[in-house]
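Grab a pencil and work through these exercises with the structure open. Try each task yourself before reading its solution.

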Amino acid sequence: MKNRCLSLLIIGLTLIGCKKQDNLKVDETSTKITNDVSKKDTIGIVDKVEEGVLTYQLSFKDSIVDGFVKYISKEPLLANELIEEYSEKLTESDRTHLKNILKNNPRFNVMFGSLPFLKNSIYIAGYEVVYKGQGLSYTIENKWNDILDEGYGFAESRIVPNSSLNFKYKKEFLDSQTLQVNITEDKFDRQDTGETVVVAGYQTNKIIYTHKPSTLDGERVLPLSVVAYVSKAFNPVINKVMPFYVNESAGVLKLEIQMTSTTDLNLTYEANTAVERKVLEPETSILTGTTLYEVKDSRDVIALGMQLSKVIIAPRM
């Protein structure tokens with residue numbers, strides 16, 4: 001009898017050990033799946049960033065030109081004086097290099113002077129996104145809600161006193177390209193390269209847009225080409241508040257922009273930080289200006305565009 005009880009005890013302990021071993025295998029498998037899912041933009045599995053902050057940097061490929069523009073931003077009203085001051089800090093060869101670039105690109109001020117070189121931050125809260133930027137002569141804040149299909153913004157000149165204004169708008173205003181340059185397939189050929197590149201820690205797909213030579217866009221200077229790096233981890237709503245609007249089905253984390261045949265003047269607009277976190281109320285609020293303009297029809301679009309053109313202007317160089 002004792003021997004029989006002992007045998008049953010051994011069998012029971014063996015079965016319990018096997019069950020623990022099976023559980024251990026399941027746990028190991030579960031851990032592996034969890035780890036794989038946590039990776040950013042893994043193939044077929046993408047963690048959506050529902051809330052967070054993106055900080056972009058806009059810069060020229062050429063460091064001398066980039067330093068030149070940033071130096072002028074210290075006091076845009078004294079641009080000419082600062083140009084001389086910056087030139088004196090350069091070596092003779094760098095001074096000649098800068099002088100030749102400006103001489104060979106007489107529209108430099110028109111093409112680049114109103115771009116937001118100083119600040120580019122985007123705050124994401126689901127389908128609502130807030131952009132806060134600063135150019136050489138202005139400050140701008142812009143909120144767009146993709147569910148309501150409407151936006152609300154603020155603009156203020158750093159040169160002209162008492163020039164701040166708020167504006168409410170619909171999609172028609174986005175189409176007017178008053179606040180940004182629209183990269184659309186009616187004016188650009190689109191090529192999906194199939195290449196993937198990591199930007200700010202996220203995997204992106206590389207898309208090339210090449211301007212169709214037969215198309216014009218009024219007085220606006222369009223890029224010769226734009227290379228967009230888009231990530232499925234980000235809602236494409238962020239694209240609608242950028243200085244260059246690329247209508248992709250994923251969020252843009254980087255743009256390489258060629259505006260002229262001078263490659264030194266190529267621009268890069270790139271997210272250097274991407275943080276997934278809860279955004280704060282002050283980050284999503286818009287400053288209050290002295291005047292409110294509301295866009296209801298095409299006439300309002302033109303009127304608001306004229307007002308913003310008095311604020312978002314390039315300093316004289």
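## Warm-up: a lysine on a helix

Lys-99 sits in helix α4, which covers residues 92-104; helices (H or I, at least four residues) and strands (E, at least two) are DSSP runs, numbered from the N terminus. Before you go on, note that this is a predicted model, where local features need pLDDT of at least 70, side-chain atom pairs count only at pLDDT 80 or more, and totals for chains, interfaces and linings use all residues. Residues are numbered from 1 along each chain as its sequence is written, and side-chain values use heavy atoms, with hydrogens and water left out.

**Exercise 1.** Decide whether Lys-99 is buried or exposed.

*Solution.* Start with the cut-offs: buried means under 20% relative accessible area, exposed over 50%, and partly exposed in between (1.4 Å probe, protein chains only). Lys-99 has 61% relative accessibility, so it counts as exposed. For its surroundings, look at Ser-87, 12 residues away along the chain: the two C-alpha atoms are 9.0 Å apart.

**Exercise 2.** Do the same for Tyr-127, then find which patch it belongs to.

*Solution.* First, locate Tyr-127 in the loop between β2 (119-125) and β3 (128-134). Next, take its relative accessible area of 45%, which means that Tyr-127 is partly exposed. Finally, add Ile-147 and Leu-148: with Tyr-127 they form a nonpolar patch on the surface, with about 340 Å² of accessible area together. Areas here come from the Shrake-Rupley method with a 1.4 Å probe, and for residues only the protein chains shown count as cover. Patch members have over 30% relative accessible area and no salt bridge; nonpolar side chains (Val, Leu, Ile, Met, Phe, Trp, Tyr) are joined within 5 Å, like charges within 9 Å. A salt bridge puts a side-chain nitrogen of Lys or Arg within 4 Å of a carboxyl oxygen of Asp or Glu.

## The sheet

**Exercise 3.** Which strands stand at the edges of the 12-stranded sheet, and why is one side of each left without a neighbour?

*Solution.* Write down the order of this open sheet: β8-β9-β10-β12-β13-β1-β2-β3-β4-β5-β6-β14, with mixed pairing. Two strands pair if DSSP finds at least two bridges between them. Now check the edges: β8 (188-199) and β14 have a single partner strand each, so one side of each has no neighbour in the sheet. From one strand to the next, the twist averages 15°.

**Exercise 4.** Walk from β8 to β12 and list the bridges.

*Solution.*
- β8 and β9 (residues 202-211) run antiparallel, joined by nine bridges; Gln-191 has Ile-208 as its partner in β9.
- Two residues lie between these strands in their hairpin, where Ala-200 takes a positive phi near 55°.
- β9 and β10 are antiparallel too, with six bridges; Lys-206 is opposite Tyr-229 in β10.
- β10 (residues 225-231) and β12 (residues 251-258) share seven bridges and run antiparallel; Ala-228 partners Leu-255 in β12.

**Exercise 5.** What does Phe-167 stand opposite in β14?

*Solution.* Begin with β5 (residues 150-157) and β6 (residues 165-170), an antiparallel pair with six bridges. Here, Gly-153 has Phe-167 in β6 as its bridge partner. Then step to β14 (residues 292-294), which runs parallel to β6 and is joined to it by three bridges. Phe-167 stands opposite Tyr-293 there.

Methods:
Axes are lines fitted to C-alpha atoms, for helices over the stretch in contact, and angles run from 0 to 180 degrees between N-to-C directions.
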